[in-house]
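Colleague: Hey, got a minute? I'm new to this one and would like you to walk me through it.
Modeller: Sure, let me put it on screen.

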Amino acid sequence: MTTFKPRRLLLHVIIICIGLIMLYPLLWMIMSSFKESTEIFQSNSFWPKKFTLSNYIEGWTGLSGFTFGRFFLNSFFLVAMCIIGNLLSCSMAAYAFAKLSFAFKSVFFALMLGTLMLPFHVTVVPQYIVFKHLGWINTYLPLIVPKFLGVEGFFIFLMVQFMRTIPKDLSEAAEIDGCGPIRMYWKLILPLALPALITTMIFTFIWTWNDFFSQLLYLSDVKMYTVALGLRMFLDAMGQSSWGALFAMSTLSLIPLFVIFIFFQRYLIEGITAGSIKG
Amino acid sequence: MKSAWKRNWVGFFFLGPWLIGLIGFTTIPMLTSLYFSFTKYDMFTPPNWAGLANYIEIFHDPKFYSSVKVTAIYVLLSVPLQLIFALLVAVLLNRGIRAVRLYRAAYYVPSLFGGSVAVALLWRQVFDSEGLLNSVLGVFGISGHNWISTPSTSIYTLIILAIWQFGAPMVIFLAGLKQIPVDLYEAARIDGANKFQQFFKITLPMLTPIIFFNLIMEIIHAFQAFTPAYIVSGGTGGPLDSTLFYTLYLYQKGFTEFHMGYASALAWLLLVTIAIVTGLVFASSKKWVFYQE
């Protein structure tokens with residue numbers, strides 16, 4: 001075995017080098033966010049000459065009288081609502097597909113899989129017009145309500161895959177004990193499907209946090225802005241002149257994603273691989 | 001034995017929210033946008049039937065051709081390069097080394113952040129004339145230009161951004177690699193096959209279902225890229241339309257110029273294109289995807 005050691009070491013060195021090159025722009029952004037504005041482009045040094053929080057203070061103050069704190073609260077609110085919506089609507093549909101039998105089930109299931117491949121641009125124009133007529137433009141409703149109606153087919157698919165692995169004996173035993181379908185869903189299937197629910201939660205968090213297109217479309221009032229829109233506004237208003245503050249707020253905006261990733265990595269990996277391996 | 005009526009009632013109760021969503025947010029909007037695509041519609045006055053006018057106009061629109069070209073280059077380069085990179089790194093990581101979870105996590109980080117506005121902003125800076133790339137090149141005595149404001153290079157900065165996010169398909173490849181039975185490699189070793197032969201004769205054929213899955217997902221994904229092009233070009237698709245992604249052009253037509261009919265026609269052409277491309281990949285899969293018995 002000892003003869004293999006140098007090659008092993010080489011392998012580690014290669015993997016670490018590629019990794020460092022990949023992560024370097026991110027690390028550089030974080031470091032730059034602690035540099036004084038004049039230093040960012042003038043020196044090639046990775047470490048700041050002098051650590052300063054001034055970029056964070058300048059960035060946080062934001063523009064138009066709203067701090068980034070406001071944008072963070074808005075983003076968190078939106079994420080929370082989308083998570084609740086996706087968990088409820090997708091788990092209900094998944095329960096129907098995985099555990100119940102009813103007319104046209106396979107047709108509906110095929111339709112659901114079809115929506116997975118549909119580019120959302122095909123529906124966005126009429127959706128926008130409907131939301132405009134309902135007076136929902138510049139509210140969070142166009143971003144939240146669809147989640148309560150199960151538009152994210154990927155999560156339904158994920159949960160169906162998971163619920164199918166729950167043994168039939170369990171639900172049959174519960175049925176004999178007089179457990180109706182609604183109690184069965186709430187008391188038996190949902191708790192057992194917890195891993196799939198957590199995966200849904202994680203992905204909803206990441207996708208909603210990173211979403212730009214629909215937030216750009218529906219939110220125009222600065223006080224409604226999310227972190228993504230806040231960053232864009234900051235760029236438009238300040239341009240190249242305040243990269244330090246932009247980097248500071250960009251770094252802050254990535255922290256929630258990173259925290260989620262650290263704590264729920266296992267569920268994330270399961271979610272990514274679910275469709276490809278079992279399906 | 002429960003009656004069929006009651007079973008249906010229970011099933012549709014649970015399916016209800018999704019069904020309303022399917023009809024309200026997918027079926028009806030799809031049909032409506034198909035109708036709009038045959039009309040002139042600015043949202044303020046009712047749609048006017050225009051027959052094929054939008055489609056004819058599209059095929060005489062130089063900006064449409066620009067956006068098709070940009071998107072085609074983006075899809076054709078970013079998808080294969082990203083997948084090749086993902087596969088190579090997955091193979092490196094799958095050699096039973098220590099700390100594989102740590103490496104996997106580190107390589108996944110760009111995929112986690114990649115879709116965000118923050119990273120698009122960072123990208124704009126990295127490829128700026130005084131940006132990170134040029135300062136690194138400067139160390140080696142090479143002087144670069146502004147990669148983003150130069151039309152001939154701007155699209156490649158976005159392709160690099162896509163390749164940079166190879167972590168998600170890599171994770172899928174890694175899971176697939178773990179499923180290849182070890183005895184296949186042992187048998188090959190006994191027969192005297194070297195590492196390259198093992199890779200091309202065992203690993204690659206056994207992975208074809210996963211490659212196929214990743215290919216389909218990444219193609220669909222790449223056609224719909226929007227955020228990076230919007231942020232990097234400030235929403236214009238410039239310079240000289242060199243980052244005018246198809247979806248960005250659609251957004252401009254629909255939501256800044258309010259040509260809703262035209263935008264709907266663009267959307268339907270996108271749908272048809274994605275359907276044809278994924279259909280071709282599906283059809284070709286019989287020739288190259290190897291399914292185990």
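Colleague: Which residue does Arg232(A) meet in a salt bridge?
Modeller: Its partner is Asp236(A), with 3.8 Å from N to O. Keep in mind that this is a predicted model.

Colleague: How far apart are those two along the helix?
Modeller: Arg232(A) and Asp236(A) both sit in helix α13 of chain A, residues 227-238, and because they are four residues apart there, about one helical turn separates them.

Colleague: And is Arg232(A) buried or exposed?
Modeller: Arg232(A) counts as buried, because its relative accessibility is 15% and the cut-off for buried is under 20%.

Colleague: Why would side chains like that pair up at all?
Modeller: In general, side chains of opposite charge can pair when their charged atoms come close.

Colleague: How many salt bridges are there over all chains?
Modeller: The count is eight. Another one of them joins Lys63(B) and Asp241(B), again at 3.8 Å from N to O.

Colleague: Where do Lys63(B) and Asp241(B) lie in chain B?
Modeller: Lys63(B) is in helix α3 of chain B, residues 62-93, while Asp241(B) is in the loop between α11 (227-232) and α12 (246-256), so the pair ties together parts that are 178 residues apart in sequence.

Colleague: What about burial for that pair?
Modeller: Lys63(B) is partly exposed, at 31% relative accessibility. Asp241(B), at 18%, is buried.

Colleague: Got one more from chain B? What does Glu257(B) form a salt bridge with?
Modeller: With Lys253(B), and the closest N and O atoms there are 3.1 Å apart. Glu257(B) is partly exposed with a relative accessible area of 38%, whereas Lys253(B) is buried at 13%.

Colleague: Switching topic. Which parts of chain B does UniProt list as "transmembrane region"?
Modeller: The UniProt entry, which is unreviewed, gives residues 12-38, 72-93, 105-123, 155-177, 198-223 and 263-283 of chain B.

Colleague: What does the model show over residues 198-223 of chain B?
Modeller: That stretch is 100% helix and 0% strand, and its end C-alpha atoms are 34 Å apart.

Colleague: And residues 105-123 of chain B, how much helix is there?
Modeller: There the chain is 84% helix, with 0% strand, and the end C-alpha atoms are 21 Å apart.

Colleague: Back to chain A. How many helices and strands does it have?
Modeller: Chain A has 14 helices and zero strands. Its radius of gyration is 24 Å, well over the 19 Å that the globule rule gives for 279 residues, so chain A is more spread out than a compact globule.

Colleague: What box do its C-alpha atoms fill?
Modeller: For chain A, roughly 75 × 70 × 35 Å along the principal axes.

Colleague: How much of chain A is buried, and what's on its surface?
Modeller: Of its 279 residues, 53% count as buried. The accessible surface of chain A is about 12900 Å², and carbon and sulfur atoms make up 70% of that.

Colleague: Last one: which residues of helix α3 in chain A are buried?
Modeller: In that helix, residues 54-61, they are Asn55(A), Tyr56(A) and Gly59(A). Seen down the axis of α3(A), the buried residues fall within an arc of 95°, so they line one face of the helix.

Colleague: What follows α3(A)?
Modeller: Gly62(A), and its phi is positive, near 65°.

Conventions. Residues numbered from 1 in each chain as written. Chains lettered and ligands numbered in written order. Predicted model: local features only at pLDDT ≥ 70, side-chain atom pairs only at ≥ 80, totals over all residues. Heavy atoms only, no water. Salt bridge = Lys/Arg side-chain N within 4 Å of Asp/Glu carboxyl O. Buried < 20%, exposed > 50% of the residue type's maximum accessible area, 1.4 Å probe, protein only. UniProt positions renumbered as here; feature names shortened; annotations may be inferred. Rg over C-alpha atoms; globule rule 2.2 N^0.38 Å. Areas by Shrake-Rupley, 256 points an atom, 1.4 Å probe, with all protein chains shown as cover. Arc of directions from axis to C-beta.
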